[in-house]
Protein chains: 2
Amino acid sequence: MKTLHIIKIGGNVIDNSENLYHFLKDFTALQGYKILVHGGGKVATQLSETLGIETKLVDGRRITDIETLRVVTMVYGGLINKNIVAQLQRFGTNAIGLTGADGNFIRTKKRPVKTIDYGFVGDIDQKSVDSTGIAKLMDAGFTPVFSALTHDGDGQMLNTNADTIASALAVALSAKFETTLIYCFEKKGVLMDINDDDSIIRDIDPVRYEELKKQQIIHSGMLPKLDNAFTAIACGVKAVVIGHSADLGELKNSKPFGTRLSKTT
Amino acid sequence: MKTLHIIKIGGNVIDNSENLYHFLKDFTALQGYKILVHGGGKVATQLSETLGIETKLVDGRRITDIETLRVVTMVYGGLINKNIVAQLQRFGTNAIGLTGADGNFIRTKKRPVKTIDYGFVGDIDQKSVDSTGIAKLMDAGFTPVFSALTHDGDGQMLNTNADTIASALAVALSAKFETTLIYCFEKKGVLMDINDDDSIIRDIDPVRYEELKKQQIIHSGMLPKLDNAFTAIACGVKAVVIGHSADLGELKNSKPFGTRLSKTT
């Protein structure tokens, strides 16, 4: 089975041009099939402010009204995506920038209005990702770069969480590739001691995960991230790695990088 | 040889949601390989105004400073491109939205500064278009939708005229496809009488073109458009058609549409 790396980057890479430069260079050096997924960083919030569009958050989640959708379609799908693609081309990665609308690759359903109306937000389900189409694009020699946007198949763009997109892509493509999902975040990995950046736990399997939770070494903020990771692994993803983008270069030297979650260590 | 239609739309289609809807439906009904190229319309100018970015024109040409480049990358590459793609998907066209950076398909050179600094504008030359890569994407089952943006291969996005992109694509792809280039504009075609919308001249070859110029039937504004069209034909494009987007549906009924320019009528 061919190997595939799916790497998700967020604000701490996108908003820092030096981090982004080094990350894209390291991404280019990675062998085999690969997909990049990026979120939005601060730019969308800044543009909204300049345009006088109020950013509404409910429980930390952004409400995407029609004006906000316009902003994120411009910023995620245009500005950030195309600048990443242009830089990847400079390094020699034959990138194609995408939303879920392109190639009909990720089709979602607008989140139903219950107590809260999240607006133009798309929820991914098991049938959302067209893994055959994406594989076809990669087999034609292109490296997909997904922004955090999808569509409903009926002409409507939708805002969709980049972590969720990365995870859904990994699960769907696991049927065709030996898939590793990598989340770049602000720490070097899951830490034994939150105050010691070098206390990285290198490997976690489900048994060790239960132990770490009992010992309260894994703190509450990390729990949803790790729960989702183990769900992806249960659905066929070979491993989920959580680490800092600056260390990605270690991967090509087969050195340990971040924290690796998998079925068995 | 397989047939290919390359269709360019501008403001009068993009800025009018009803025109756009019908055009995209008719575009979907077209058989064979096809590529859509779109400009920017009024949205970029409006956004620039809202953001307090001055639109500078020299001889009708927009100066693209770094702020304006950000705006057009957002509007052309994000907002307009992705909304067109999402609507095409609704109608069943498997579109992928692109800039020249994506797939490294159109690589240009930043216009040299002489008396005027046009800023981040890319000039196309004969080597700019990677026809092999674009053909590969189409053979994989995707319909390219190009916005009016290219890159320099060194990480820099550049603003590039949509008419020129359409023409360069047509010339480059003529080696592989029997290519017809269609420009949608505000008239039904080249008119014998500017005041009579039904006085469409159906066919023009180089001999007839010279006659029409001598008789001063073709007015000055049309000359550069038609000169460029005949240059494209001399470089291998089978025909260039100029007409109104609303009449595109006639093509699939093999009825006459607009004015057809070709080597021989």
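In this predicted model, A:Thr180 has a bridge partner in strand 13 of chain A, namely A:Ala239. This pair belongs to a longer match, since strand 11 (residues 178–184) and strand 13 (residues 239–243) of chain A run side by side in the parallel sense and are joined over 5 bridges.

These two strands are part of an open sheet of 8 strands in chain A, whose order is 5-8-2-1-11-13-14-12 and whose pairing is mixed. Strand 5 (95–98) and strand 12 (203–204) of chain A each have a single partner strand, so they stand at the edges, and one side of each is left without a neighbour in the sheet. Against this sheet packs helix 6 (residues 162–173) of chain A, which touches strand 1 (3–9), strand 2 (33–38), strand 8 (143–147) and strand 11. The direction of helix 6 makes about 175 degrees with that of strand 1 of chain A.

From the sheet we can turn to a place where the two chains meet. Two packed helices are described by the angle between their axes and the distance between the axes. Helix 4 (residues 66–91) of chain A packs on helix 4 (residues 66–91) of chain B at an angle of about 115 degrees, and their axes are 7 Å apart. Angles of 65 to 115 degrees count as roughly perpendicular, and that is therefore how helix 4 of chain A lies to helix 4 of chain B. The crossing of these helices is right-handed. Among the residues that make the contact are A:Arg70, A:Met74 and A:Gly78 of helix 4 of chain A, together with B:Arg70, B:Met74 and B:Gly78 of helix 4 of chain B. Sorted by class, this contact between the two helices comprises 6 nonpolar, 6 polar and 4 charged residues.

Methods
Residues are numbered from 1 along each chain as its sequence is written. Chains are lettered from A and ligands numbered from 1 in the order in which they are written. This is a predicted model: local features need pLDDT of at least 70, side-chain atom pairs count only at pLDDT 80 or more; totals for chains, interfaces and linings use all residues. Two strands pair if DSSP finds at least two bridges between them. Helices (H or I, at least four residues) and strands (E, at least two) are DSSP runs, numbered from the N terminus. Two residues are in contact if their C-beta atoms, placed from the backbone, lie within 7 Å. Axes are lines fitted to C-alpha atoms, for helices over the stretch in contact, and angles run from 0 to 180 degrees between N-to-C directions. Angles under 35 degrees count as roughly parallel, over 145 as roughly antiparallel, 65 to 115 as roughly perpendicular and the rest as oblique. A crossing is left-handed if the near helix is turned anticlockwise from the far one by less than a right angle, and right-handed if clockwise. Ala, Val, Leu, Ile, Met, Phe, Trp, Tyr, Cys and Pro count as nonpolar, Asp, Glu, Lys and Arg as charged, and the others, Gly among them, as polar.
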